[in-house]
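Student: I would like to go through this chain with you one step at a time. Could we start with a local detail and work outwards?

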Amino acid sequence: MYCPVCGDDCVDHASALIALMPRIFANCPSCQHQPLYKTTPPPPGSYHDPCSCGKRFIDEVFAHLYDILVREGLFSGKEPLKAVGTPLVHPGFPTTSPPFLPKKSLVLLSRVADKDVAAHMLKEVPEIRGVVRNGEFTPGVTDPDLLVPPRRNELLAGCDVRADIYPTTAGSIVLFQQQSMMHIEFPRFFNPKIQAVESRIRTLSPQWFVDAFCGTGKLGLTAARMGVPHVVLNDSWFAAAFWSAFNLTINREFFRFDEVRILNDYKSMEGEPVRTDPKPVARTEGEQEILVYQGDFRKLHQVLPAGPVLAALDVFEKADRKATGSVLHYWREHVTGEAFIP
Ligand SMILES: [Zn+2]
Ligand SMILES: [Zn+2]
């Protein structure tokens, strides 16, 4: 399938990725498995070429990346292995042991890499899918009042589009995103937010479900997977709204609609990175109605039905009780039904 960032064939439909889960990061009998300390430099000879099966243990891949950083002069050789950066595998899903990585399965988030080194890593390390330079901040919109300007990390080389697979009781959902634009949230075996949504849907059997700060669409698509007849996903950040719409198409086989219309493309949405008035980004036609908007949650009531809706308000910063309280209060003044912070 066509990737909206690199134009290449680096995205797949949900069922194709879900089918890979049991074997994609498993070793073959010939694979080398030599765990390395993360808090010291890797000893000489810590990495070899990938196995004949095409995979390599993640620590060896990191030792290879470390070696490139030393050769290019960005590391002295005294840094610990973990200073290479944060690995984000594709596809990400809960596992009990470290992965053996196949080709193009790793997005590296690095504080030290520059464009030259990243290009070198992409060329020399087959497991690398993309290299992102990350800073000490969270990319995207983090403030429900939209007062803090959104920031983004920088894609240095390759493509940083990758997917996470989230287990739900109705079955898995696959969520693609461009990593430099979105905050990191890795799937775990137990996801309290998904569970909170599932239990409310089971109790209330809502006709309408709203995911008002949808990110990549996790909670809204969980509700759709459970069969809620009308689902609205919304985010003020262009990348979140776009990838939610994209994920609607990726997971379409799990929903009951005939057609999905994507009304905006990624590049044109980037021209208006944060919106207040809700702009439609995608809508379905058929038995199940799923709508995606880009806009401020405070304006979303303009496009919602008068009848009751169940709304999840997944604000980024939940520790600030006063702020979350005012979000809930505002919502309840404008929309009937149940609202909760998952
Ligand atoms: Zn791509
Ligand atoms: Zn092998």
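Tutor: We can, and we begin with a proline: proline 91 is placed in the loop between β2 and β3 (100–101). Please keep in mind throughout that this is a predicted model.

Student: What is the omega of the peptide bond from histidine 90 to proline 91, and is that bond cis or trans?

Tutor: Proline 91 belongs to the loop that joins β2 to β3, and the bond in question enters this proline from histidine 90. Its omega is near -10°, and the bond is therefore classed, in the model, by the name you asked for: cis.

Student: Which residue in the loop between β3 and β4 (106–110) has a positive phi, and is that residue buried, partly exposed or exposed?

Tutor: The residue is lysine 104, found in the loop between β3 and β4, and its phi is near 50°, a positive value in a residue other than glycine. A residue needs 20 or more other C-beta atoms within 10 Å to count as buried and 12 or fewer to count as exposed. Because lysine 104 has 18 such atoms within 10 Å, its class is partly exposed.

Student: Serine 205 also has a positive phi; where is it, and is it buried or exposed?

Tutor: Serine 205 has a phi of about 40° although it is not a glycine, and its place is in the loop between α4 (192–204) and β9. Because serine 205 has 11 C-beta neighbours inside 10 Å, it counts as exposed.

Student: In what order do the strands of the open sheet run, and which are the edge strands?

Tutor: The open sheet is formed by 4 strands with mixed pairing, in the order β2-β4-β5-β6. Each edge strand pairs on one side only, and these strands are β2 (86–89) and β6 (154–158). From one strand to the next, the twist averages 25°.

Student: In which sense do β5 and β6 pair, and which residue of β6 is the bridge partner of glycine 130?

Tutor: Strand β5, residues 128–133, pairs with β6 over 4 bridges, and the sense is antiparallel. Arginine 133 stands opposite glutamate 154 in β6, while the bridge partner of glycine 130 is glycine 158.

Student: Which helix packs on the sheet at β5 and β6, and how many residues of β6 are buried?

Tutor: The helix is α3 (residues 115–124), which touches β5 and β6 and whose direction makes about 35° with that of β6. Strand β6 itself is mostly covered, and the number of its 5 residues that are buried is 4.

Student: Where is glycine 215, and how many other C-beta atoms lie within 10 Å of it?

Tutor: Glycine 215 lies in the loop between β9 (208–211) and α5 (218–225). Leaving aside residues up to four places away in sequence, it touches Met182, Asp235 and Ala240. Phenylalanine 316 is 101 residues from it in sequence, with 9.6 Å between the two C-alpha atoms. Glycine 215 is buried, and the count of other C-beta atoms within 10 Å is 25.

Student: How many residues of α5 are buried, and which glycine follows that helix?

Tutor: Those buried in α5 include Lys218 and Arg225 as well as Leu219 and Leu221. The count is 8 of the 8 residues, so α5 is largely enclosed by the rest of the structure. After α5 comes a residue with a positive phi, near 95°, and that residue is glycine 227.

Student: How far apart are the C-alpha centres of domain 1 and domain 2, and how many residues are in contact on each side?

Tutor: The domain assignment gives domain 1 as 14–161 and domain 2 as 191–340, and their C-alpha centres lie 31 Å apart. By class, the side of domain 1 that touches domain 2 has 5 nonpolar, 3 polar and no charged residues. The contact involves 8 residues of domain 1 and 17 residues of domain 2.

Student: Why can the chain be called as compact as a globular protein of its length, and what is its radius of gyration?

Tutor: The chain has 8 helices and 15 strands. For 342 residues the globule rule gives 20 Å, and the chain is close to that, so it is as compact as a globular protein of that length, with a radius of gyration of 21 Å.

How values were computed. Residues numbered from 1 in each chain as written. Chains lettered and ligands numbered in written order. Predicted model: local features only at pLDDT ≥ 70, side-chain atom pairs only at ≥ 80, totals over all residues. Helix = DSSP H or I, 4+ residues; strand = E, 2+ residues; numbered from the N terminus. Contact = placed C-beta atoms within 7 Å. Pairing = 2+ DSSP bridges. Axes fitted to C-alpha atoms, helices over the stretch in contact; angles between N-to-C directions. Domains from an automatic or database assignment. Nonpolar A, V, L, I, M, F, W, Y, C, P; charged D, E, K, R; others polar. Rg over C-alpha atoms; globule rule 2.2 N^0.38 Å.
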